[in-house]
Each structure stands twice: as C-alpha cells, then as structure tokens.
Amino acid sequence: MSKILLHACCAPCSAAVVEWLLLNNYHPILYFYNPNIFPEKEYEIRKKELVRYAQKFSLSIIDDDYNHEQWLEQINGYQNEPERGKRCDICFKIRMLAAAKKAKELQIPLFATTLASSRWKNIEQINAAGIYAAAQFENLTFFEKNWRKDGLSNRRNELLKENGFYNQQYCGCEFSKKFVN
C-alpha cells in the first residue's frame with residue numbers, strides 16, 4: 001500500500017474518499033487542518049466525527065492547531081467575497097500549503113484533499129491550490145481526483161446515512177454561512 005496524506009475537512013466529505021483510497025491500495029494518513037471553521041464548537045464537532053470514522057479503519061489522524069484568528073488575518077480584506085471567490089482561493093492555499101508541509105515532514109510523497117468532494121467548493125480552485133502547494137516542495141505530488149464522479153457522490157450520501165454523521169450545511173467559515181440557501 002502506498003501512503004498518502006489526506007487533508008480531511010469533515011467525515012461526510014472524507015468517508016467515500018477514504019473508502020476509495022483503501023480499495024485502491026492507498027493507506028491514508030488523515031490530516032485535519034481547518035482553521036477556517038467557525039465557531040470553534042463547529043470545528044470540534046467536525047473533528048470528533050472524523051476521528052470516529054478514522055477509528056473504524058484504524059487510521060492515523062493528525063490534528064493540527066486550530067488558529068482561527070491567524071486565518072482571519074490571512075483572509076483579511078476578502079471577507080465579503082462570494083463563495084468560490086478570492087477568499088476561497090486564499091483559504092485553499094493556506095490549507096494545502098500546510099498539508100504539503102506536513103506530507104514533506106512525514107516523508108509522504110503524495111497528498112490529496114477531501115475538499116474536492118464538497119458540493120460547496122470549486123474543484124478547479126482546490127486543484128490549483130494543491131498543485132501550487134506541491135510545487136513549493138521537492139518530490140511532492142498533489143493527487144488530483146474528482147471525488148464527485150464515479151459514483152463517489154452517491155457513496156458519500158450512503159456513508160453519511162450509514163454512519164449517522166453530523167452533516168454541516170456550510171463550508172465552515174463564518175463568511176460562507178451567508179451564502180447558504
């Protein structure tokens with residue numbers, strides 16, 4: 001099995017991705033780095049659900065620091081951007097750079113993100129951030145896959161119900177909440 005560092009945003013978005021990786025001879029190390037999530041209670045709920053799912057497969061999970069204040073400083077000036085706008089570009093770069101750095105630190109040459117499975121997000125933005133982050137380090141590759149295709153969206157929904165996951169209704173940051181229908 002090939003190791004892959006999988007940046008994970010939440011259990012619902014991660015479940016089908018983890019399952020696919022395991023079925024395709026990858027061993028995911030889950031990396032929970034999401035300083036954008038607000039409020040902190042929401043962050044803790046999402047983390048707890050991901051840990052619960054990871055335990056089913058005896059997968060390692062790395063919980064990086066929650067520093068929402070630093071994230072707010074980094075996206076300052078872009079708070080009123082629409083969903084899938086420049087704020088999201090910056091946010092994805094922040095999180096993909098952290099994932100790339102962690103993969104390099106752990107000597108795992110491949111990383112991916114579950115963000116691309118979310119209906120809230122633009123896959124092209126996510127992939128661009130992942131490719132950018134990988135390019136900052138030698139011998140590191142961002143694994144691009146459309147986690148919404150090949151039945152994975154349906155499988156996501158099945159696993160959501162089977163596991164009784166908490167299913168959030170917004171991406172995570174306080175600015176994305178105003179775009180929820």
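Which residue in strand 2 is the bridge partner of His 7? The points below start there.

1. **Strand register.** The model is predicted. Tyr 31 is the residue of strand 2 that bridges to His 7. The pairing around this bridge joins strand 1, residues 2-7, to strand 2, residues 26-32. Six bridges link the two strands, in the parallel sense.

2. **Sheet order.** The sheet is open and has five strands. Read across, the order is 3-2-1-4-5, with parallel pairing. Strand 3 (61-63) and strand 5 (141-142) are the edges, each paired on one side only.

3. **Helix 1 on the sheet.** Helix 1 spans residues 11-23 and packs on the sheet. Strand 1 and strand 2 are the strands that helix 1 touches. The direction of helix 1 makes about 150° with that of strand 2.

4. **Helix 4 on the sheet.** Helix 4 covers residues 86-105. It lies across strand 1, strand 2, strand 3, strand 4 (110-113) and strand 5. Against strand 1, helix 4 runs at about 150°.

5. **Helix 1 against helix 6.** The axes of these two helices are 8 Å apart, and the packing angle is about 115°. Their crossing is right-handed. From helix 1, the contact uses Pro 12, Cys 13, Ala 15, Ala 16, Glu 19 and Trp 20. Helix 6 answers with Leu 152, Arg 155, Arg 156, Leu 159 and Leu 160. By class, the contact holds eight nonpolar residues, three charged and no polar.

6. **Largest pocket.** The space in the largest pocket is about 230 Å³. Its lining counts 21 residues. Nearest the centre lie Cys 13, Ser 117, Ser 118, Arg 119 and Arg 156. Two of these names recur from the helix contact: Cys 13 in helix 1 and Arg 156 in helix 6. Helix 6, residues 152-163, gives the most to the lining, with three residues. The lining divides into eight nonpolar, seven polar and six charged residues.

7. **Largest cavity.** One cavity reaches 30 Å³ or more. The largest cavity has a volume of about 70 Å³. Among its lining residues are Trp 71, Phe 92, Cys 88, Cys 91, Cys 171 and Cys 173. Asn 36 and Ser 176 also line the cavity, as do Glu 83, Arg 87, Arg 95 and Lys 121. By class, the lining has six nonpolar, two polar and four charged residues. Helix 4 supplies the largest share, five residues. Helix 4 is also the helix lying across strand 1 to strand 5, as described in point 4.

Key
Residues are numbered from 1 along each chain as its sequence is written. This is a predicted model: local features need pLDDT of at least 70, side-chain atom pairs count only at pLDDT 80 or more; totals for chains, interfaces and linings use all residues. Side-chain values use heavy atoms; hydrogens and water are left out. Two strands pair if DSSP finds at least two bridges between them. Helices (H or I, at least four residues) and strands (E, at least two) are DSSP runs, numbered from the N terminus. Contact means heavy atoms within 4.5 Å. Axes are lines fitted to C-alpha atoms, for helices over the stretch in contact, and angles run from 0 to 180 degrees between N-to-C directions. On a 1 Å grid over the protein atoms alone, a cavity is a set of points where a 1.4 Å probe fits but cannot get out, and a pocket is an open set with protein on both sides within 12 Å along at least five of seven lines; lining residues have an atom within 4 Å of a point. Grid points are joined across faces, edges and corners, and a volume is the space filled by probe spheres set on the points. Ala, Val, Leu, Ile, Met, Phe, Trp, Tyr, Cys and Pro count as nonpolar, Asp, Glu, Lys and Arg as charged, and the others, Gly among them, as polar. A crossing is left-handed if the near helix is turned anticlockwise from the far one by less than a right angle, and right-handed if clockwise.
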